[in-house]
Amino acid sequence: MSRAVIDADGHVAEPLDLFEKYADMPLNGRMPRVVKDDLGYDRWVIEGKLYPIPEGREIGPKLRYGVFRKGMLDASERLKDMDTEAIQTAVIFPSVALRFGWGIENPKLAVAASRAYNNFLLEYCSAAPQRLKGVAALPLQDPSGAAEELRRCVGKGMVAGFVPPH
């Protein structure tokens, strides 16, 4: 008897053009953007704050965009990795967008940012919906907006939404 192997904590890398390509709501002049930090690493600037939040020298920014596997941005590459590792299904969470649901102060911006990320993830998972299962980013700053976004995403094939433990 064969056993199903499930990656229950897979992650994607949000593309650097996430908001230009996937935003479907107005960002009210608050378009997040990517900049190089003091060490030359890509970071998002959202409401004047850098994301991912610098972790410290030992862990540091080198664990971000510079080391992501191709499959974190390209679903066809992820499927190759999954085949190599005999993984039948992957449940996919964000990386930087983990902070959208609590790190963005403006509720309307949080809803727009979460939707942009979720639109990206829906497209990513559409490469193999039977194997790639998305988990929606929810804008907790707006509880009714979060519920609406969860309904939208589950209706389009995502399997859950996440609530950060912070």
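Start at Y22, which is buried at a relative accessible area of 9%. The model you have open is a predicted one.

**Stop 1: the aromatic cluster**

Keep Y22 selected and add F120. F120 is buried too, with a relative accessible area of 3%. How do the two rings meet? The ring centres of Y22 and F120 lie 5.6 Å apart and the planes make 70°, so this pair is edge-to-face; the cut-off for that class is over 60 degrees. Y22 sits in helix 1 and F120 in helix 4, so label both helices before going on. In sequence, 98 residues separate the two.

Now add Y124. The ring centres of F120 and Y124 are 5.9 Å apart, with planes at 55°, so this pair counts as tilted. Both residues belong to helix 4. They are 4 residues apart, about one turn of the helix. Both F120 and Y124 are buried.

Add Y117 to complete the selection. Y22, Y117, F120 and Y124 make up one aromatic cluster. The structure has 5 aromatic pairs by the ring-centre rule.

**Stop 2: the nonpolar core**

Widen the view to the largest nonpolar core, a set of 41 residues. Which members touch the most others? Select L18, F19, F100, Y117, L121, Y124 and L132. Y117 and Y124 from the aromatic cluster appear in this list as well.

Colour by element next. Helix 1, helix 2, helix 4 and helix 5 each supply at least two residues of the core, and so do strand 3, strand 5 and strand 6. Helix 4 contributes the most, with 11 residues.

Centre on F100. Leaving out residues up to four places away in sequence, F100 touches L18, F19, I46, A110, A113, S114, Y117 and Q141. Among these contacts, L18, F19 and Y117 are again on the list of core members that touch the most others.

**Stop 3: the open sheet**

Hide the side chains and show the ribbon. In what order do the 4 strands of the open sheet run? The order is 1-5-6-7, and the pairing is parallel. Strand 1 (6-11) and strand 7 (160-162) are the edges, each paired on one side only. From one strand to the next, the twist averages 30°.

Zoom in on the strand 7 side. Strand 6, residues 132-137, runs parallel to strand 7 and is joined to strand 7 by 3 bridges. Pick A137: the bridge partner of A137 in strand 7 is F162.

Bring helix 4 (residues 107-125) back into view. Helix 4 lies across strand 5 (89-93) and strand 6. Against strand 6, helix 4 runs at about 175°.

**Stop 4: the salt bridges**

Show charged side chains. The structure holds 8 salt bridges. Three are visited here.

Select R115 and E149. Their side chains form a salt bridge, at 3.4 Å from N to O. R115 is in helix 4 and E149 in helix 5 (residues 143-155), so the pair ties together parts 34 residues apart in sequence. Are these two residues buried or exposed? Both are buried. Extend the selection to D24 and R152: with R115 and E149, they are linked in a network of salt bridges.

Move to R69 and D81. This salt bridge has an N to O distance of 3.0 Å. R69 lies in the loop between strand 4 and helix 2 (75-84), while D81 lies in helix 2, so the contact ties together parts 12 residues apart in sequence. R69 counts as exposed, at 52% relative accessibility. D81 counts as partly exposed, at 23%.

Finish at E47 and R30. The closest N and O atoms of this salt bridge are 3.6 Å apart. E47 is in the loop between strand 3 (42-46) and strand 4 (49-51). R30 is in the loop between helix 1 (18-22) and strand 2 (33-36). The two residues are 17 apart, and the pair links distant parts of the chain. E47 is partly exposed, with a relative accessible area of 28%. R30 is also partly exposed, at 40%.

Conventions: Residues are numbered from 1 along each chain as its sequence is written. This is a predicted model: local features need pLDDT of at least 70, side-chain atom pairs count only at pLDDT 80 or more; totals for chains, interfaces and linings use all residues. Side-chain values use heavy atoms; hydrogens and water are left out. Two strands pair if DSSP finds at least two bridges between them. Axes are lines fitted to C-alpha atoms, for helices over the stretch in contact, and angles run from 0 to 180 degrees between N-to-C directions. Contact means heavy atoms within 4.5 Å. A salt bridge is a side-chain nitrogen of Lys or Arg within 4 Å of a carboxyl oxygen of Asp or Glu. Buried means under 20% relative accessible area, exposed over 50%, partly exposed in between (1.4 Å probe, protein chains only). A nonpolar core is a set of buried Ala, Val, Leu, Ile, Met, Phe, Trp, Tyr and Cys residues joined through side-chain atoms within 4.5 Å. Rings of Phe, Tyr and Trp (its six-membered ring) pair if their centres lie within 6.5 Å; planes under 30 degrees apart count as stacked, over 60 as edge-to-face and the rest as tilted.
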